[in-house]
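Below are my notes on the model, set out as numbered points. Please read them alongside the coordinates.

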Amino acid sequence: MDIAQFFDKEVEEHAKLVQTLGPAIKEPFLRLCESCRTSIRQGGKILFFGNGGSAADAQHLATEIVVRYKVNRRALPAIALTTDTSILTATANDFSFEEIFSRQVEALARPGDVAIGISTSGKSPNVLKALEAARAAGAVAAGFAGRDGGTMVGCADPLIIVPSSVTARIQEMHILIGHMLCEAIEADFA
Ligand SMILES: O=C(CO)[C@@H](O)[C@H](O)[C@H](O)[C@H](O)COP(=O)(O)O
Ligand SMILES: [Zn+2]
């Protein structure tokens, strides 16, 4: 592998993405920030979920809301639904893999919470089902997607779509946007 070539290609792809991404995501991103800030101010919480690399992103972002992003401040309420192996395996084993997140949303989500489903294809059934459960619970059902947004278009709102067909690039942008969200939330409670 030629590392310099790898970096050059990555930087070129990121530069292309960020050119259009800012204006494209501004409206849903600002609404998502406001939903999260309002939810926390009113005693709500943020629930993150996704598969594979997006499961790691769910845990990454929940951690930075509970613990800290850049500022020492009080703990804020967030949870990743991707960590409890007993709940995940029992739900998949006893019911279906499609329900591993929605079962937890049914148990934990309350009106005014914000659920954030992360899916680079926008099509993962367990993410879609959890978004449906979030809406049924009276929570905001928001999403981070990729490509054309997939089935999350119409299932998640606000929906932030990274218009790339490369999963790794989508994830890199999801974390960049997720860090911006953490910064916006943290600024409200610093
Ligand atoms: O992180 C990566 C690829 O970069 C993979 O683990 C990826 O997350 C998995 O293939 C996921 O199952 C993809 O699901 P989704 O993003 O389409 O919802
Ligand atoms: Zn981080």
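1. Ile-3 sits in helix H1, which runs over residues 3-41. This is a predicted model, and the remarks that follow should be read with that in mind. Ile-3 has a relative accessible area of 52%, and because the threshold for exposed is over 50%, the residue counts as exposed. Together with Met-1, Phe-6 and Phe-7, Ile-3 makes a nonpolar surface patch of about 500 Å².

2. The UniProt record, an unreviewed entry, annotates residues 36-190 as "domain: SIS". Across residues 36-190 the chain is 46% helix and 16% strand. The C-alpha atoms at the two ends of this range are 15 Å apart.

3. Which atoms coordinate the zinc ion (ligand 2)? The donors are NE2 of His-60, two OE atoms of Glu-64 and NE2 of His-179, at 1.8 to 2.7 Å. Along the sequence, the donor residues follow the spacing H-x3-E-x114-H.

4. The geometry of the zinc site deserves a separate remark. The angles subtended by the four donor atoms around the zinc ion (ligand 2) run from 53 to 130°, so the arrangement is irregular. A tetrahedral label would require all angles to lie between 85 and 135 degrees. For reference, the ideal angle for four tetrahedral donors is 109.5 degrees.

5. Two of the donor residues share a helix: His-60 and Glu-64 both lie in helix H2 (residues 53-66). They are four residues apart, about one turn of the helix. Are these residues buried or exposed, or something in between? His-60 is partly exposed, at a relative accessible area of 28%, whereas Glu-64 has 15% relative accessibility and counts as buried, because the limit for buried is under 20%.

6. One "binding site" annotation in UniProt (unreviewed entry) lists His-60, Glu-64, Gln-171 and His-179. His-60, Glu-64 and His-179 also supply the donor atoms for the zinc ion (ligand 2) in the model.

7. A further "binding site" annotation from the unreviewed UniProt entry covers Asn-51, Gly-52, Gly-53, Glu-64, Asn-93, Asp-94, Ser-119, Thr-120, Ser-121, Ser-124 and Gln-171. These positions span 121 residues of sequence and are also spread in space, with up to 32.3 Å between C-alpha atoms. A user of this annotation should check that spread against the coordinates.

8. Two members of that annotated set can be placed more exactly. Gly-53 lies in helix H2 and is partly exposed, with a relative accessible area of 32%. Ser-121 belongs to the loop between strand E3 (114-119) and helix H5 (125-136). The relative accessibility of Ser-121 is 25%, which also counts as partly exposed.

9. Thr-63 is another residue of helix H2, partly exposed at 42% relative accessibility. How far apart in space are Thr-63 and Cys-182? Their C-alpha atoms are separated by 10.0 Å, with the two positions 119 residues apart in sequence numbering.

10. Arg-73 is located in the loop between H2 and strand E2 (78-80). With 14% relative accessibility, Arg-73 counts as buried. Between the C-alpha atoms of Arg-73 and Gly-154 the separation is 36 Å, and these two residues are 81 residues apart along the chain.

Notes:
Residues are numbered from 1 along each chain as its sequence is written. Chains are lettered from A and ligands numbered from 1 in the order in which they are written. This is a predicted model: local features need pLDDT of at least 70, side-chain atom pairs count only at pLDDT 80 or more; totals for chains, interfaces and linings use all residues. Side-chain values use heavy atoms; hydrogens and water are left out. UniProt positions are given in the numbering used here, feature names are shortened, and annotations may be inferred rather than shown by experiment. Patches are made of residues with over 30% relative accessible area and no salt bridge: like charges are joined within 9 Å, nonpolar side chains (Val, Leu, Ile, Met, Phe, Trp, Tyr) within 5 Å. Accessible areas come from the Shrake-Rupley method with a 1.4 Å probe; for residues, only the protein chains shown count as cover. A salt bridge is a side-chain nitrogen of Lys or Arg within 4 Å of a carboxyl oxygen of Asp or Glu. Buried means under 20% relative accessible area, exposed over 50%, partly exposed in between (1.4 Å probe, protein chains only). Donors are N, O and S atoms within 2.8 Å of the metal (3.2 Å for Na, K and Ca); water is not among the atoms, so sites may look incomplete. Four donors count as tetrahedral if all angles lie between 85 and 135 degrees; four count as square planar and six as octahedral if opposite donors are over 155 degrees apart and all others between 65 and 115; anything else is irregular.
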